[in-house]
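Here is a short briefing on the fold that follows. Helix packing comes first, then sheets, cores and one buried site.

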Amino acid sequence: MTIRTRFAPSPTGYLHIGGARTALFSWLYARRHGGQFVLRIEDTDLERSTAESVNAILEGMTWLGLDYDEGPFYQTHRFDRYAEVIQKLLDEGKAYRCYCSKDRLDALREQQKADKQKPRYDGLCIDREDHPDDQPYVIRFRNPKSGQVIVNDMVRGKIVFKNTELDDLIIARSDGSPTYNLTVVVDDLDMKLTHVIRGDDHLNNTPRQINILQALGAEPPLYAHVPMILGADGKRLSKRHGAVGVMQYRDDGFLPEALLNYLVRLGWSHGDDEVFSIEQLVELFDLDAVNKSASTFSPDKLLWLNQHYIKTSTPEHIARHLSWHLGQRDIDPSGGPDILEVIKAQQERTKTLVEMADSSRIFYQDYVDFDDKAARKNLKPAAQPALARLAEVLADCDWQAGAIHATIEAIAAELDLKLGKVAQPLRVAVTGGAVSPPIDVTLELIGRERSLAGIQRALAYIEQRESSG
């Protein structure tokens, strides 16, 4: 048997964290077992589904590297197939038309609540034989009235549902459009899915879907319901916890593999290991190691992982993702030092690609003004002799980090100053601020001409401050 899994988002918003984790688990399970991963877009909610949301989902899947073997399939392209199945269920007496009005159903529900009963349809139309042409109707599935549905969940174990607890659910609305539980069943059947991995918020749908599949003479797939993701307050993860679309994490400077690594650990574990490559995950992932309990989302842990991946990834890999951020800031790396060298200089100290892009600006563009706090602290009259001597000696220095470092040390010794009293005014002079990679590497990357121009600008700043009192 070829393993076939799917990810089936509704395009009513962005690809969120919970959906991305479901997609990842389904993708990993298929890849681990040499199977196939299918992408399906469940866009039957015509009022809320948008092309922008579809694009956001596809963009998020691409950025995460979750490639699919088939699809994307769109449910709105399959309405004829759903109508065919609904008619088959009607013809075989496994579904029926319900003419009950909304007012009657509302009253029924209120009465059942008052009687402390579980609200459900009472079956008034189940054996109705008249079909008035002028009266709207929905189509309901004739759920078995006895017996039970056993779900051998691959995460939660055996779960039993009594058919007496299940409703005759609507499978076609009054306008003829199919409902979620019908379309999912038909799609899973037609796409020959063997495993359905999804959030546990779908667990109550599973016995209903199994009953429809059995009514169609089909063998249900195996189900795995993964626990929800919680915020730090123990409530379901939402926007108030900072839960945003997957692409927002791209915008905030996270590497996709850091987010994937973090997501897989929200509910799955392999001993005490925290960091996994994609290749390791494909080799190790299985559903029997997925936790039954909910996981808590930690932005700090995600940030830690991102810093680890920035520190340990190749400069070439980082450059591919950093380029987008540089473009957002109108930084053209072709007009300056090798971007790979700029990345190497910053990998050890950077937590996000946003930080790296912002701090890379000094290597490609002149700063507009000195940072006021850094200038006031470091560009004082006492720094003038060191800066003047640096301007003189660096003009003829071999322009590579080792020689630059030796020059700075020599001038500090010559003027009987601690190294920081020379290096820090020089850093502010050349970069405009108090923070950069090691000063010798910074100068080498910025280049001789711009570095000397910065020193002259700093000397002018000191002179102006002196003259103004």
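**Helix packing**

Helices α1 and α8 are roughly perpendicular to each other, because an angle from 65 to 115 degrees counts as such and theirs is about 85 degrees. The model is a predicted one. The points below cover this helix pair, the sheets, the nonpolar cores and D188.

- Helix α1 spans residues 17-32, and helix α8 spans residues 256-264.
- Their axes lie 10 Å apart.
- From α1, the contact takes in I17, A20, R21, L24, F25 and L28.
- From α8, L259, L260, L263 and V264 meet them.
- By class, the residues of this contact are nine nonpolar, no polar and one charged.

**Parallel sheet β1-β2-β3**

- Three strands make up an open sheet, ordered β1-β2-β3, with parallel pairing.
- At the edges are β1 (4-7) and β3 (70-74), each of which pairs on one side only.
- From one strand to the next, the twist averages 25 degrees.
- Strand β2 (residues 36-41) is joined to β3 by three bridges, and the two run parallel.
- R40 has F73 in β3 as its bridge partner.
- Helix α2 (residues 51-64) packs on the sheet and touches β1, β2 and β3.
- The direction of α2 makes about 160 degrees with that of β2.
- Helix α1 lies across β1 and β2.
- Relative to β1, α1 runs at about 165 degrees.

**Antiparallel sheet β4-β5-β8**

- Another open sheet has three strands in the order β4-β5-β8, and here the pairing is antiparallel.
- Its edge strands are β4 (95-98) and β8 (170-172), and each pairs on one side only.
- Direction ignored, neighbouring strands of this sheet are turned by 45 degrees against each other on average.
- Strand β5 (residues 138-141) and β8 run antiparallel and are joined by two bridges.
- Opposite I139 stands A172 in β8.

**Hairpin β6-β7**

- Strands β6 (residues 148-153) and β7 (residues 157-162) run antiparallel, joined by six bridges.
- Three residues form the hairpin connection from β6 to β7.
- I150 has V160 in β7 as its bridge partner.

**Nonpolar cores**

- The largest nonpolar core holds 100 residues.
- Within this core, L387 and I455 touch the most other members.
- Helix α1 gives the most to this core, with nine residues.
- Leaving aside neighbours within four places in sequence, L387 is in contact with L379, P425, L426, A429, I455, A458, L459 and I462.
- A second, separate core has 28 residues, among them Y82, V85, F161 and I171.

**D188, a buried acidic residue**

- D188 sits in helix α5 (residues 180-190).
- Its relative accessible area is 5%, so D188 is buried, the cut-off being under 20%.
- Not counting residues up to four places away in sequence, D188 touches R6, R40, L193 and V196.
- One of these contacts, R40, is the residue whose bridge partner in β3 is F73.

**Points to take away**

- Helix α1 recurs in this briefing: α1 packs against α8, lies across β1 and β2, and gives the most residues to the largest nonpolar core.
- The two three-stranded sheets have parallel pairing in β1-β2-β3 and antiparallel pairing in β4-β5-β8.

Methods
Residues numbered from 1 in each chain as written. Predicted model: local features only at pLDDT ≥ 70, side-chain atom pairs only at ≥ 80, totals over all residues. Heavy atoms only, no water. Axes fitted to C-alpha atoms, helices over the stretch in contact; angles between N-to-C directions. Helix = DSSP H or I, 4+ residues; strand = E, 2+ residues; numbered from the N terminus. Parallel < 35°, antiparallel > 145°, perpendicular 65-115°, else oblique. Contact = heavy atoms within 4.5 Å. Nonpolar A, V, L, I, M, F, W, Y, C, P; charged D, E, K, R; others polar. Pairing = 2+ DSSP bridges. Core = buried A, V, L, I, M, F, W, Y, C linked by side-chain atoms within 4.5 Å. Buried < 20%, exposed > 50% of the residue type's maximum accessible area, 1.4 Å probe, protein only.
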